[in-house]
Each structure stands twice: as C-alpha cells, then as structure tokens.
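This report walks through one structure for a reader who has not met it before. It begins with a single residue and then turns to the interior, a long element and the enclosed spaces.

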Amino acid sequence: GLVILLLSLSLTINGIGVAMSYIGRDFMTALQTKNQTEFNWKLAEYLLAFLIATPIVVSYSYTEQRLGLLWRRWLSHHILARYFLDRSYYRLNLRGDVDNPDQRIEEDVRSFCAQSLTFCLILFNSTVQLFLYVYVLWSISVTLLFAAVAYSIIGSLVTYYLGRPLIGLNFAQLKKEADYRYKLINVRDSAESIAFYGREAREFLRTRQRLKAALNNLLQVVNWNRNLQFFTTGYNYLLTILPTVLVAPLFFNGQIEFGAVIQAGAAFGFVINALSIVVNHFGNLSVFAAVINRLGTFWEALENAGEPFTGGEHIKITTG
C-alpha cells in the first residue's frame, strides 16, 4: 500500500511540475510584454500550485521514510533469523568466511534499505520526467531534445570511465572502517586483561595500524572523487547556459516568446537529470554497489553455514 501511495504521489508531483512549467512560461511572457492583468492571473495560479504541492511533497517525503523504516525492519528480522538458525553465528566465526558480521547486519542493512529505495525512486521519477518533459522540449525545438540526449550520454560514459575505481575502493573502505571499529570494541571488552598485563603499547600499535589502513584507503577515495568532480562540476556548469544558447536564435528570430526560453531551460534540465543518473549519483552508486556486495557475500555465507567445517580441526557442533 505504501509503495502504491508513494508512486501515486510521485506522479502527482511530476504532473504539478509540468503544469508549473507552463504557468511559468506565461508568467515570464506577461512580464516581458508588461501585461499586468495576465501577470496577476499567472501569479495567482503559481500561488495555488504552491499551495497544492506543499502537502503532497511533504507526504511524499514522509511516506518514503516510513517505507524505508518498514523495509529495514523486515530485512533485519529476516537476516537475524537466518543468523541464529542452526548456530550459523557460531559456524561463521569458526570459518572466518566474512568479516564483521555485526557491521553488515546493522550498518549495511540500514544503508541498503535507505539507498535502494532512494535509487528506485530516482529511477522511477527520472523515467516519468523523461516522458513528460521530452514532449515539452519537442514542442519548442527538436534540436534541443537531441542535444540533451547526446549531452547526457557523453557525460554518463565519461563519468563511468573516471569513477570506475571508486567501486572497489568504497568496498575496501567499508571493510577497513569496520575493522578499525571492531578493534576499538575489542580493546573495550578486553580492558581489564590489557591493563593487568600492561599491553597498552601493543594494543595502541595494532589499533593505529587499523586506523592507518582506513585513512590510506580513504585518501584514495578522496583523490578519485576529486578527479571525478573536475568533470561533473564542469558538466553541470555548462548545463546552466547550454539550453539558452541553443534556443536563443529562435527567440531572436521571433519564433518563440521569452517565456518559452525559460521553459526550455527548465525542461532541458529535467531531461538531462533524468538521463544523467550515472553522472549525478555515481559516488553514491559506487557506495551502494559495495553495500550490495557485502550483504550478498554475507547472505551466501549464512546459506553455506550448515555445510561441514573444513578448517584445521574437526569440530562437532550439536544443533539440538
């Protein structure tokens, strides 16, 4: 029910957005032609659209968060049940198949539920916006539509090429951060033993090594993000003037009104955003891919936990 409600709200918001683009076109045209009566009417329509859109947008945000919470609860229960089934938690510890199962159950599940829902909605909204605003662009200039498609395809390919190493680096970062946190927890749990035997120097060295590994990997992530942002920042800057430059000849020749120029810029931006998911969200997508990988390997390890242990010793486990 929440999924249907969320999609319905999304369609409504996008529909209101298209309607507001036409209101804005006439609003700006009335301003240019100094038609105060038309200007006042369009201003009233604008305010009415804002009044209608506000509760819908708030409801959309609340429904998304509520659905994410319910999804996380279900998935956490599902994984926890499998984790405790047939003493899988014990078998995983003996095998050493996966690192930091606690972090995967808490942080990775939370991140997966939030990000997967977000990206699904981004994909859905982008598809809806693409169909709605393609018509708007087509009605103004076919050249503008083809330029938007070509611009987004080139941007996506270059972004993927520049940002591809981030996928592996983000996967490694999650592991190294979890190892560092696990070591700190281990120090806390073993505080009495460390103090009794005077092992502070050794534990300090081991903890610092975990931190160093996490920071070194993070430095690589930062460097690659810098390289990627050189392109994406220029890509977005050019986007602000490109549609105006392309439709300016039509305006100078009297083929379109000033309001249509404003509408073309907005529609161009929506189409580009719909087709540039990779460009706009590659950093988050690379983290999401790492989270999926970690949860996937964890679930596979749980599925295989019932198989006989093949380590250095033969350990008999009574499941009861």
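In this predicted model, T232 lies in helix α8. Because its relative accessibility is 12%, and the cut-off for buried is under 20%, T232 counts as buried. Leaving aside residues up to four places away in sequence, T232 touches T159 and V279.

The same helix, α8 (200-252), takes part in the largest nonpolar core, for it is among the elements that give two or more residues to that core, together with α4 (101-140), α5 (142-163) and α9 (258-275). The core has 23 residues, and the members that touch the most other members are L137, V247, F268 and I272. Among the contributing elements, α9 provides the largest share, 7 residues. For V247, the contacts beyond four places in sequence are I140, L144, I256, V261 and A264. Apart from this core there is a second, separate one of 20 residues, which includes V98, F119, L174 and A301. As general background, nonpolar side chains in soluble globular proteins tend to be buried together.

Helix α2 can be checked for its length. It covers residues 36-84, which is 49 residues, and at 1.5 Å a residue it should span 72 Å; since its end C-alpha atoms are 71 Å apart, the two values agree. Along the way, α2 bends by about 30 degrees at A53, and a proline, P55, follows within four residues. Just after α2, D86 takes a positive phi of about 55 degrees. The values for this stretch are set side by side below.

| Feature | Value |
|---|---|
| Expected span of α2 | 72 Å |
| Distance between end C-alpha atoms of α2 | 71 Å |
| Bend of α2 at A53 | about 30 degrees |
| Phi of D86 | about 55 degrees |

The last topic is enclosed space. How many cavities of 30 Å³ or more are there? The count comes to 2, and the largest cavity has a volume of about 40 Å³. Its lining is made of N100, D102, Q103, A178, R181, Y182 and I185. Both α4 and α6 (165-189) supply at least two residues of this lining, and the largest share, 4 residues, comes from α6. Helix α4 thus appears in two parts of this account, as a contributor to the largest nonpolar core and as a supplier of residues to the lining of the largest cavity.

Notes:
Residues are numbered from 1 along each chain as its sequence is written. This is a predicted model: local features need pLDDT of at least 70, side-chain atom pairs count only at pLDDT 80 or more; totals for chains, interfaces and linings use all residues. Side-chain values use heavy atoms; hydrogens and water are left out. A nonpolar core is a set of buried Ala, Val, Leu, Ile, Met, Phe, Trp, Tyr and Cys residues joined through side-chain atoms within 4.5 Å. Buried means under 20% relative accessible area, exposed over 50%, partly exposed in between (1.4 Å probe, protein chains only). Contact means heavy atoms within 4.5 Å. The expected span of a helix is 1.5 Å times one less than its number of residues. The bend at a residue is the angle between axes fitted to the seven residues ending there and the seven starting there. On a 1 Å grid over the protein atoms alone, a cavity is a set of points where a 1.4 Å probe fits but cannot get out, and a pocket is an open set with protein on both sides within 12 Å along at least five of seven lines; lining residues have an atom within 4 Å of a point. Grid points are joined across faces, edges and corners, and a volume is the space filled by probe spheres set on the points.
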